[in-house]
Amino acid sequence: MTRTLKVLSALLSYPTSELQEHIAEMQDAVGKEGVLTGQARRALNPLFENIARGELYDLQERYVLLFDRTRSLSLHLFEHVHGESRDRGQAMVDLQTMYVEKGLEPGTSELPDFLPLFLEFLSLLPRQEAFDLLGQPAHIFAAIAERLRKRNSPYEAVFRALVALAKDKPKGEAIAAALQAPDTDPDDLAALDAAWEEQEVRFGPGSGDSCKDGLIARVRAGMRPAPDLPVVSPQNPTTRH
């Protein structure tokens, strides 16, 4: 079990007052576990401080602008891997099955490829197995980190940390390919609408919900507690024993 991955999962969750209250504990947990280098831990400090001291509404607004309204920064991994293809639905099913087989039962509001949920799942696995699986989407993490760097966002450090932890490091050509996707400014509403309305995204047979229609569901899916916080929603995932 890797406590650091659980903390990174929480940092990528929708900001809540509970998350703010436990920032010091989370920062301490990352330091004590020591799986990140000192440089990577220090790089996370601005985000820890920003969440701990920031005005909650501003933090939530920033989160939505970055991760819900900017397709190239989506926290849904298969958005970057499968895009609009039909393969995405089967990939969701396969990932959900893997979660259940390993003892994690996600709540119904969570899409299996939501990154905080994926990281929580990895945190339950033996360390080397977790870091091995983390290597598969590492090129996505590197591309998102680069986009966040250009935005001067403290969230960049989370994605740099994920790349650092991954057993297999992403290759330059894979990162370059991922960066070819359009990177729409979330304040450019016309471009944003065009990006989301290119094609309807289907998650299963007969599904008619578009990505834009699912933004509210994404925000709710992001409202996950930090490690060891009290459950604040009945839809949070549970771990079987």
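User: How do you know how helix H1 and helix H3 pack against each other?

Analyst: Two packed helices are described by the angle between their axes and the distance between the axes. In this predicted model, helix H1 (residues 3–11) and helix H3 (residues 23–33) pack at an angle of about 145 degrees, and their axes are 9 Å apart. H1 passes H3 in a left-handed crossing.

User: Which residues of H1 and H3 meet?

Analyst: On the H1 side they are Arg 3, Thr 4, Val 7, Ala 10 and Leu 11. On the H3 side they are Ile 23, Met 26, Ala 29, Val 30 and Glu 33. By class, this contact has 7 nonpolar, 1 polar and 2 charged residues.

User: How many aromatic pairs are there?

Analyst: The count is 6 aromatic pairs.

User: Why is the pair of Tyr 14 and Tyr 63 called edge-to-face?

Analyst: Rings pair if their centres lie within 6.5 Å, and planes over 60 degrees apart count as edge-to-face. For Tyr 14 and Tyr 63 the values are 5.6 Å centre to centre and 85 degrees between the planes, so the pair meets both conditions.

User: What makes this a link between distant parts of the chain?

Analyst: Tyr 14 lies in the loop between H1 and helix H2 (17–21), whereas Tyr 63 is in helix H5 (residues 56–68). The two are 49 residues apart.

User: Why do Tyr 14 and Tyr 63 count as buried?

Analyst: Buried means under 20% relative accessible area. Tyr 14 has 11% and Tyr 63 has 1%, so both fall under the cut-off.

User: Why is the pair of Tyr 99 and Phe 121 called tilted?

Analyst: Planes under 30 degrees apart count as stacked and those over 60 as edge-to-face, with the rest called tilted. The planes of Tyr 99 and Phe 121 are 50 degrees apart, with 4.7 Å centre to centre, so neither of the other two terms applies. Tyr 99 lies in helix H7 (residues 87–101) and Phe 121 in helix H8 (residues 115–123), so the pair ties together parts that are 22 residues apart in sequence. Both residues are buried.

User: What makes a cluster that includes Tyr 14 and Tyr 63?

Analyst: Ring pairs link Tyr 14, Tyr 63, Phe 67, Phe 141, Tyr 155 and Phe 159.

User: What are the totals for helices and strands, and for buried residues?

Analyst: The chain has 14 helices and 2 strands. Of its 241 residues, 49% count as buried.

Definitions and conventions: Residues are numbered from 1 along each chain as its sequence is written. This is a predicted model: local features need pLDDT of at least 70, side-chain atom pairs count only at pLDDT 80 or more; totals for chains, interfaces and linings use all residues. Side-chain values use heavy atoms; hydrogens and water are left out. Axes are lines fitted to C-alpha atoms, for helices over the stretch in contact, and angles run from 0 to 180 degrees between N-to-C directions. Helices (H or I, at least four residues) and strands (E, at least two) are DSSP runs, numbered from the N terminus. A crossing is left-handed if the near helix is turned anticlockwise from the far one by less than a right angle, and right-handed if clockwise. Contact means heavy atoms within 4.5 Å. Ala, Val, Leu, Ile, Met, Phe, Trp, Tyr, Cys and Pro count as nonpolar, Asp, Glu, Lys and Arg as charged, and the others, Gly among them, as polar. Buried means under 20% relative accessible area, exposed over 50%, partly exposed in between (1.4 Å probe, protein chains only).
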